[in-house]
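Colleague: I am new to this structure, so please take one part of it and describe that part slowly and closely. I would like to know how its pieces are set against each other before hearing about their surroundings.

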Amino acid sequence: MTIRRATLAGALALTRAEVADMFQYRVVLFLYSLWEVVHPIVYLAVWGAIAGEGDVGGLRLSDFAAYYLTFMLVSHVTAAIEIYTFGPMIQQGELSPHLLRPMNPVWVAAARNISYKSVSMLLLIPVWIGLVIILRPSFTVTAGSTALFVVSLVVAALLSFLVGTTFALLAFWTTRSFSFWEIWIGLTFLLGGQVAPVELLPGFVQNLATALPMRYTLGFPIEVLLNRLDAGELALGFALQFAWLIAAALIVRTVWRAGIRQYSAVGA
Amino acid sequence: MPPDVSVRQLVKHYVVPERAGGLRASFRSVLRRKHRLVRAVDGISFEVDRGEVVGFLGPNGAGKTTALKVLSGLLHPTDGQVDVLGYTPWDRRAEYLSRITLIMGQRQQLFWDLPAADSFLVNKAVFGINDAVYKRTVDLLTDLLDLGDLLTKPVRQLSLGERMKVELAAGLLHTPRVLFLDEPTIGLDVTMQQRIREFVTAYNAETGATVLLTSHYMADVKALARRVIVIDQGQLLYDGALAGLVQRYAPHKTITVHLEREADLPDLNGQAELLSVDGLQVTVRAGKDDAPEVTGRLLTQLPIADLSVEDPPLEEVIDQVFRGEGP
């Protein structure tokens with residue numbers, strides 16, 4: 001697949017404009033981002049209470065603190081917001097002006113995703129640093145794990161974006177694409193490393209979490225950074241993460257092509 | 001030279017869910033959903049040559065906008081063939097989209113909270129317009145549309161008319177060769193409507209662009225299009241010169257005479273209907289075929305200072321077409 005040079009330049013210009021636009025809503029963004037900080041603290045509090053002075057499956061309180069503090073950043077970087085940004089555009093016919101440009105409107109969703117995250121990250125970082133000082137997590141980070149972490153984080157963000165876009169594209173057929181998205185959110189909560197790190201899940205569920213894509217949008221990069229995986233698990237994890245990325249890209253392409261034939265929303 | 005736009009037996013049908021109001025109907029629709037087929041465009045064919053300005057007319061729901069959306073590649077048709085500049089619109093090739101534009105009244109393509117200049121820069125990049133061409137085009141559009149400092153104000157602070165001008169400019173930055181304009185003057189005051197009309201005329205003259213426009217304002221059509229295509233309920237009713245439309249569908253002519261002094265009206269043999277007598281001005285309406293005879297009789301039997309014979313207003317003619325009355 002080739003991407004036109006003008007498309008890349010356009011996506012860049014679009015992202016710049018979206019960032020400028022986002023700054024108009026910085027207070028709202030800060031409040032949204034704050035929720036992303038608060039909810040991992042709830043999981044941390046529960047696991048901290050269970051671990052007490054001891055450990056759960058080898059994880060002590062400071063390990064949970066490291067996990068959920070990393071979770072805050074990772075979940076922010078990989079959050080899929082397309083159901084809120086791109087889906088309504090399709091439903092309300094706002095896609096039309098974008099369809100008239102020689103650039104796939106999925107780039108609009110990407111530009112909005114990147115701009116939302118980069119602007120809100122600026123607001124989130126100071127809060128995060130404050131929490132690190134208070135919670136004193138035990139980060140067992142190495143240069144190697146950091147490098148692999150960056151790769152897994154980028155792939156996780158891309159995968160999550162494509163999954164979010166797929167669900168948003170369901171708006172071509174149904175006005176209730178949110179219901180389908182809720183199923184994904186629920187599965188990620190259980191199997192993605194959200195309610196518990198995947199290594200703490202019981203055997204069968206853990207195998208399921210390893211095979212399904214949810215973990216690769218959230219838990220996997222955290223496990224990579226905190227050195228929770230051996231070489232075999234790392235290799236399998238990256239192989240599956242890339243496989244899901246390719247699958248998601250193909251799915252988005254197929255759904256987009258079918259959807260655009262279907263496009264006739266009221267006011268389209 | 002092949003036509004810029006060629007449409008053959010274009011069909012676009014929609015299936016829409018349908019149910020009556022009320023709780024009972026709501027429950028019933030859970031079990032059995034009813035659908036209705038809407039024939040928005042039902043087999044129309046026409047061609048538009050390079051540089052032509054064509055008015056696309058029809059009542060609400062006639063299928064005009066649907067047809068324009070198919071032509072600009074937004075919608076896939078149910079059936080039929082469309083060729084615009086050698087491309088099939090719904091393939092949505094980048095080269096095709098770079099040569100056309102569709103401007104819809106009140107449709108947003110600008111960032112609401114940012115100055116329009118920011119949205120222009122996005123279009124500049126997306127369409128791959130180089131700096132020199134971009135500057136020249138913005139200067140031209142600023143001049144033709146009298147944009148002044150509108151480009152540096154946040155879009156939300158612009159009036160409807162100002163925003164429409166800026167939207168038009170944004171849609172023309174890539175100097176498209178074919179313009180699809182859907183109600184470009186809707187909601188604008190008379191002065192601004194006039195301004196937009198002058199602009200479209202100037203743009204057409206300057207660039208030789210082909211223009212297909214819909215409008216509810218007959219003044220737009222009269223000012224811009226020498227040829228009109230009339231569709232209703234998805235079907236083509238008329239395609240030809242604007243003057244021909246009036247000639248064909250206008251059922252009568254209005255004859256106004258100014259008398260030199262007071263006089264009794266001659267017997268018009270039921271060939272004309274007296275519309276008004278205002279001092280020395282008398283207005284009658286005569287059937288199209290009877291008009292010459294009525295005019296002759298008025299001229300010979302009345303002390304006339306001045307006489308004019310006019311077609312009815314275009315609105316009335318169009319109404320006649322839509323109601324299926326006429327020849």
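Modeller: Helices H2 and H6 of chain A are oblique to each other, because their angle falls into none of the other classes (under 35 degrees is roughly parallel, over 145 roughly antiparallel, 65 to 115 roughly perpendicular, and the rest oblique). This is a predicted model, in which local features need pLDDT of at least 70 and side-chain atom pairs pLDDT 80 or more, while totals for chains, interfaces and linings use all residues. Residues are numbered from 1 along each chain as its sequence is written, with chains lettered from A and ligands numbered from 1 in the order in which they are written.

H2(A) covers residues 26–51 and H6(A) covers residues 106–135, and their axes come within 9 Å and cross at roughly 55 degrees (helices are DSSP runs of H or I with at least four residues, and strands are runs of E with at least two; axes are lines fitted to C-alpha atoms over the stretch in contact, with angles from 0 to 180 degrees between N-to-C directions). The crossing of this pair is right-handed, that is, the near helix is turned clockwise from the far one by less than a right angle. On the H2(A) side, A:Arg26, A:Leu29, A:Phe30, A:Tyr32, A:Ser33 and A:Val37 take part, and they meet A:Val119, A:Ser120, A:Leu123, A:Leu124 and A:Val127 of H6(A) (contact puts C-beta atoms, placed from the backbone, within 7 Å). By class, the residues of this contact are 8 nonpolar, 2 polar and 1 charged (Ala, Val, Leu, Ile, Met, Phe, Trp, Tyr, Cys and Pro are nonpolar, Asp, Glu, Lys and Arg charged, and the others, Gly among them, polar).

Elsewhere in chain A, helix H3 (residues 61–78) has 16 of its 18 residues buried, so it is largely enclosed by the rest of the structure (buried takes 20 or more other C-beta atoms within 10 Å, exposed 12 or fewer, and partly exposed lies in between). The end C-alpha atoms of H3(A) are 25 Å apart, which agrees with the 26 Å that its residues should span at 1.5 Å a residue (1.5 Å is multiplied by one less than the number of residues).

A loop of chain A adds a backbone detail. Between helix H10 (219–225) and helix H11 (231–262) of chain A lies A:Asn227, a residue other than glycine whose phi is positive, near 55 degrees. A:Asn227 is partly exposed, because 16 other C-beta atoms lie within 10 Å.

Finally, chain A has a partner: 22 of its residues are in contact with 25 residues of chain B.

Key: Two residues are in contact if their C-beta atoms, placed from the backbone, lie within 7 Å.
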